[in-house]
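Me: I should like to learn how to read this structure feature by feature. May we begin with the pairing of strands?

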Amino acid sequence: MSLLYLLARWLDRISPAPIAYAHCDIPCGIYDPHHAQLAAHTVVRMVDLINQLEKPGSSSTPDQRQEYTNKLARYIATKEQHSEIAKNEVRILWGDYFKPEHLKTFPELHDLVWKALKSGSKARQEINLQAAEDLLKATNDIASIYWKTKGFETITAKAPYPTERLTVYPKFK
Amino acid sequence: MFPLRRFRVEDDSMRPALEPGDYVLVNRWAYKFRPPAKGDLVVVRDPETPDRFLVKRVSDASDAGEIRVVGDNSNRSRDSRSFGPIDHLEIIGKVWIRLR
């Protein structure tokens with residue numbers, strides 16, 4: 001510990017030195033819209049599965065009803081979870097990644113986030129394919145903006161999952 | 001304006017050159033007569049939070065008066081890789097000596 005260091009520390013008592021951050025904060029800088037898109041796909045898939053599920057008729061046995069209820073409950077639980085994941089991921093991108101200068105280039109961003117959150121809630125509350133599709137579309141649109149701010153072009157392609165819905169992917173060089 | 005200003009270093013994006021708790025004396029006149037050069041340790045205004053300061057290393061100095069800064073400990077640093085180049089007017093000064 002040098003004498004000058006002790007002097008600097010002593011000076012802190014009179015007037016504290018401003019802090020120069022060598023920092024992380026942690027805005028770790030690691031963001032990716034894929035989480036939100038993936039969760040939205042799951043929500044779409046759950047609505048599809050619920051709609052494909054054969055409803056037990058009046059002549060069904062207790063076992064059939066139990067099996068139906070079990071499957072339905074599992075699909076609904078997953079739909080609940082993943083619509084919340086999608087909403088949370090969108091909030092993280094919005095609150096932590098996007099900056100006012102991005103908004104200058106993409107003034108529709110706030111509205112897209114709002115749409116994603118609203119349709120996410122609706123997809124969670126109801127068995128509503130349109131709401132799930134709207135959620136996916138909003139996450140795709142946000143992904144498209146995200147990749148543009150990173151300097152990447154995007155392509156829209158059919159997802160390789162059972163949902164097969166159009167999805168925005170970055171075109172890495 | 002007195003040329004020297006002292007700062008206390010926090011966080012570890014400049015390890016091993018600067019450790020948290022070090023003091024640096026910054027020469028605010030360093031760039032009056034010559035432009036910042038690659039490799040200089042500088043204190044700059046945080047472009048994302050103007051009332052705070054960052055200490056970083058110049059990684060690129062262009063003719064247009066813009067510089068890029070990075071942390072030595074690059075996977076622990078938020079710097080020009082995320083906020084882009086910074087204007088030379090945002091530079092407080094060059095680190096003259098480190099006190100430890």
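Me: Which residue is the bridge partner of B:F7 in β2(B)?

Reply: The partner of B:F7 is B:V24, in β2(B). One reads such a pair as part of a ladder between two strands. Here the model, which is a predicted one, pairs β1(B) with β2(B) in the antiparallel sense, over five bridges.

Me: Which strand do five bridges join to β2(B)?

Reply: Strand β7 (residues 91-99) of chain B is joined to β2(B) by five bridges, and the two run antiparallel. Within this ladder B:L25 has B:I97 of β7(B) as its bridge partner.

Me: In what sense, parallel or antiparallel, does β1(B) pair with strand β1 (residues 19-21) of chain A?

Reply: That pairing joins two chains, and the sense is parallel, with three bridges between β1(A) and β1(B). In this ladder A:A20 stands opposite B:V9 of β1(B).

Me: How many residues of each chain are in contact at the interface?

Reply: On the side of chain B there are 24 residues, in contact with 15 residues of chain A. The elements of chain B that give two or more residues to this side are β1 (4-10), β2 (23-27) and β4 (53-61). The largest share, five residues, comes from β1(B). By class, the side of chain B that touches chain A holds eleven nonpolar, four polar and nine charged residues.

Me: How should one read the packing of two helices?

Reply: Two packed helices are described by the distance between their axes and by the angle between those axes. In this model, the axes of helix α2 (residues 34-52) and helix α3, both of chain A, come within 8 Å and cross at roughly 155 degrees. Angles over 145 degrees count as roughly antiparallel, and therefore α2(A) is roughly antiparallel to α3(A). The crossing of α2(A) and α3(A) is left-handed. Among the residues that make this contact are A:A39, A:V43 and A:M46 of α2(A), together with A:Y75, A:H82 and A:A86 of α3(A). The contact of α2(A) with α3(A) comprises 13 nonpolar, five polar and two charged residues.

Me: At roughly what angle do α3(A) and helix α6 (residues 129-149) of chain A cross?

Reply: The axes of α3(A), residues 62-97, and α6(A) cross at roughly 25 degrees and come within 11 Å. Angles under 35 degrees count as roughly parallel, so α3(A) is roughly parallel to α6(A). This crossing of α3(A) and α6(A) is also left-handed. In the contact, A:S83, A:A86, A:V90 and A:L93 of α3(A) meet A:L135, A:T139, A:I142 and A:Y146 of α6(A). These residues divide into six nonpolar, two polar and no charged.

Me: Which backbone details deserve inspection?

Reply: One looks at the torsion angles. A cis peptide bond, with omega about 0 degrees, joins B:R15 and B:P16. B:P16 is found in the loop between β1 and β2 of chain B. In chain A, A:E164 is a residue other than glycine with a positive phi, near 55 degrees. A:E164 lies in the loop between β2 (154-158) and β3 (166-170) of chain A.

Me: Where in chain B is confidence lowest, and where is it highest?

Reply: Confidence in chain B is lowest in helix α1 (residues 80-83), with a mean of 85, and highest in β2(B), at 94. Chain B as a whole averages a pLDDT of 88, and 100% of its residues score at least 70. For the complex, the predictor gives an ipTM of 0.77 and a pTM of 0.58.

Terms used
Residues numbered from 1 in each chain as written. Chains lettered and ligands numbered in written order. Predicted model: local features only at pLDDT ≥ 70, side-chain atom pairs only at ≥ 80, totals over all residues. Contact = placed C-beta atoms within 7 Å. Helix = DSSP H or I, 4+ residues; strand = E, 2+ residues; numbered from the N terminus. Nonpolar A, V, L, I, M, F, W, Y, C, P; charged D, E, K, R; others polar. Pairing = 2+ DSSP bridges. Axes fitted to C-alpha atoms, helices over the stretch in contact; angles between N-to-C directions. Parallel < 35°, antiparallel > 145°, perpendicular 65-115°, else oblique. Left-handed = near helix turned anticlockwise from the far one by under 90°. pLDDT = per-residue confidence, 0-100.
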